[in-house]
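Welcome! Here is a set of short exercises for getting to know a protein model, each followed by a worked solution. Try each task on the structure before you read on.

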Amino acid sequence: MKTSACFVPLITAVLIGAGPNKQMCGDTADVTDTNPTCKGKMVPSAFEPAFLNISKYIWTGENTVPEANNPVGTRAFRKNITSACGKCATCATIVVAADDSSTVYVNGVAIGSGAGWTTGQVYFAPLNPSSNLFAIAGVNNVARAALMATINIHYSDGTHETFITDESWKTVRGAAPQGFQLPATSDSTWTFAMLQGFPQNSFWGNPALPPVLPLAQSKWIWTSANAATTAPAASNAFRKTIDDCTKVAVCATVLISADNHYKLYVNGQAVGSGDSFGRAEAYSIPKLHPTLNTFAIDAKNDEGPAGVIATIHITYRDGTNQTIATDGSWKASQTVPNGFQETFFDDSDWVTATVVGNYGIAPWGSAVAIPPA
Ligand SMILES: [Ca+2]
Ligand SMILES: [Ca+2]
């Protein structure tokens, strides 16, 4: 258990004036902007896949025999998780497997639904800095019943912490209570979940992890039309700015590959680099600006074909998500000017990127290796 000394009360965002980071939308701020725990530097990191095999299948214990049949219906499971001392939680990656289906809630907000235990379902959710309620509605349609989750909490300092479903989760031996997923609902009279099995030794086995993000909707882009065949040996620059005053952006995950090299920047900050078009790398951006974010790529071709491809997944404070793919809307330059990665760099005289082709086209094909969720 975390001690109360680590508890940092949530401060309601008080929107006073426009600070230096608030140019585009005046007074928009996120809860992490005003929390003292979150004042440190925001550090991107390589995306860390879920450790599914350390999690446990649980259910209510209505049948006291593990892996045996259970009543049909919806059951409630929940667990409050407190951030490590001094850490600012920003987002979570949640992988769930369920017999038969599930809906995941974070702090009362529905994040996503899925079914089955052969392949885990992956969700991205915004978090409060210090304390978060994870709730799962598990649905049994027939016979056995179980669910398993791995929750990877991303902290602003670039570190991660993994939590699992286990016998410390609370549940009810009967129908899920009304409002069970809401923080205002008390689970003090609930019972503890019952272990059904470890994934590798259980009836259900260890679910496969899906790719962290898809590339299938993204385009290979460059600055010349026949770049799938040949392009000059040169560095090009690409930029995509997301300027949305209607929602509060919290964090992002980026999947990217290039022929032959890329350097990725978010809001001017270096995130990572790569050198293989046969493989994509994934990165966690633990904290975004609430309303104005710039993704910038310095891409270099050595010889022959040239292209860059990326998928950006943004998680918003309201629990919604947005996927941004490389396409003809990106800005492009055949040189890489000083400061091109900065949010307020003026790219108004840049051209738009040339779409070289859909993911899957030759010479790169449809087998680019993608890290698991
Ligand atoms: Ca079942
Ligand atoms: Ca090349």
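The domain bounds used below come from an automatic or database domain assignment. Please keep in mind throughout that this is a predicted model.

**Exercise 1. Find the domains and describe how they meet.**

Task: State which domains the protein has, how many Å separate their centres, and which elements of domain 1 touch domain 2.

Solution:
- Step 1. Begin with the assignment, which gives domain 1 (48-201) and domain 2 (219-358).
- Step 2. Taken over C-alpha atoms, the centres of domain 1 and domain 2 are 34 Å apart.
- Step 3. Now turn to the contact between them: domain 1 contributes 11 residues and domain 2 contributes 12 residues.
- Step 4. On the side of domain 1 that touches domain 2, the elements giving two or more residues are strand 4, strand 5 (109-126) and strand 7 (146-155). Strand 5 supplies the largest share, five residues.
- Step 5. Sort the residues on this side of domain 1 by character: seven are nonpolar, four are polar and none is charged.

**Exercise 2. Judge the overall build.**

Task: Work out how many helices and strands the protein has, and why it counts as being as compact as a globular protein of its length.

Solution:
- Step 1. Count the secondary structure: there is one helix, along with 23 strands.
- Step 2. Compare two values: the radius of gyration is 22 Å, and the globule rule gives 21 Å for 373 residues. These values are close, so the protein is as compact as a globular protein of that length.
- Step 3. For the extents, follow the C-alpha trace along its principal axes, where it spans about 70 × 50 × 30 Å.
- Step 4. Check burial and contacts: 46% of the 373 residues are buried. Among contacts with a separation of 6 or more, 79% join residues 24 or more positions apart.

**Exercise 3. Explore the largest nonpolar core.**

Task: Identify which residues touch the most other members of the largest nonpolar core, and which strand gives the most to it.

Solution:
- Step 1. Recall a general tendency: in soluble globular proteins, nonpolar side chains tend to be buried together.
- Step 2. The largest nonpolar core here holds 99 residues, and Leu147, Phe238 and Val254 touch the most other members.
- Step 3. Strand 4 (residues 89-106) gives the most to this core, contributing 11 residues.
- Step 4. Both domains take part, since at least three residues come from each of domain 1 (48-201) and domain 2 (219-358).
- Step 5. Zoom in on Val254: leaving out residues up to four places away in sequence, Val254 touches Leu264, Val271, Ala282, Tyr283, Ile285, Ala310 and Ile312.

**Exercise 4. Trace the strand pairings.**

Task: Give the order of the six strands in the open sheet, and explain why one side of strand 16 and of strand 22 lacks a neighbour in the sheet.

Solution:
- Step 1. The order is 16-15-18-13-21-22, with antiparallel pairing.
- Step 2. Strand 16 (269-274) and strand 22 (351-352) are at the edges with a single partner strand each, so each has one side without a neighbour in the sheet.
- Step 3. Strand 16 pairs with strand 15 (residues 261-266) in the antiparallel sense over five bridges. In this pairing, Val266 stands opposite Gln269 of strand 16.
- Step 4. For another pairing, look at strand 12 (residues 219-222), which joins strand 23 (residues 354-358) in the antiparallel sense through four bridges. Here Ile221 has Val355 as its bridge partner.
- Step 5. Strand 12 is covered on both faces: Lys219 and Ile221 are buried on one side, Trp220 and Trp222 on the other.

**Exercise 5. Spot the unusual backbone.**

Task: Locate two cis peptide bonds, then decide whether Glu67 and Asn267 are buried or partly exposed.

Solution:
- Step 1. Start from the usual case: most residues other than glycine have a negative phi, and most peptide bonds are trans.
- Step 2. One cis bond joins Asp99 and Asp100, with omega about 20 degrees; Asp100 lies in strand 4.
- Step 3. Another runs from Asp259 to Asn260, with omega near 15 degrees. Asn260 is in the loop between strand 14 (249-259) and strand 15.
- Step 4. Glu67 has a positive phi, near 65 degrees, and sits in the loop between strand 2 (57-59) and strand 3 (73-82). Glu67 has 17 C-beta neighbours inside 10 Å, so it counts as partly exposed.
- Step 5. Asn267 also has a positive phi, near 50 degrees, and lies in the loop between strand 15 and strand 16. Asn267 is buried because 22 other C-beta atoms lie within 10 Å.

Terms used. Residues are numbered from 1 along each chain as its sequence is written. Chains are lettered from A and ligands numbered from 1 in the order in which they are written. This is a predicted model: local features need pLDDT of at least 70, side-chain atom pairs count only at pLDDT 80 or more; totals for chains, interfaces and linings use all residues. A nonpolar core is a set of buried Ala, Val, Leu, Ile, Met, Phe, Trp, Tyr and Cys residues joined through C-beta atoms within 7 Å. A residue is buried if 20 or more other C-beta atoms lie within 10 Å of its own, exposed if 12 or fewer, and partly exposed in between; C-beta atoms are placed from the backbone. Two residues are in contact if their C-beta atoms, placed from the backbone, lie within 7 Å. Ala, Val, Leu, Ile, Met, Phe, Trp, Tyr, Cys and Pro count as nonpolar, Asp, Glu, Lys and Arg as charged, and the others, Gly among them, as polar. Two strands pair if DSSP finds at least two bridges between them. The radius of gyration is taken over C-alpha atoms; the globule rule is 2.2 Å times the number of residues to the power 0.38.
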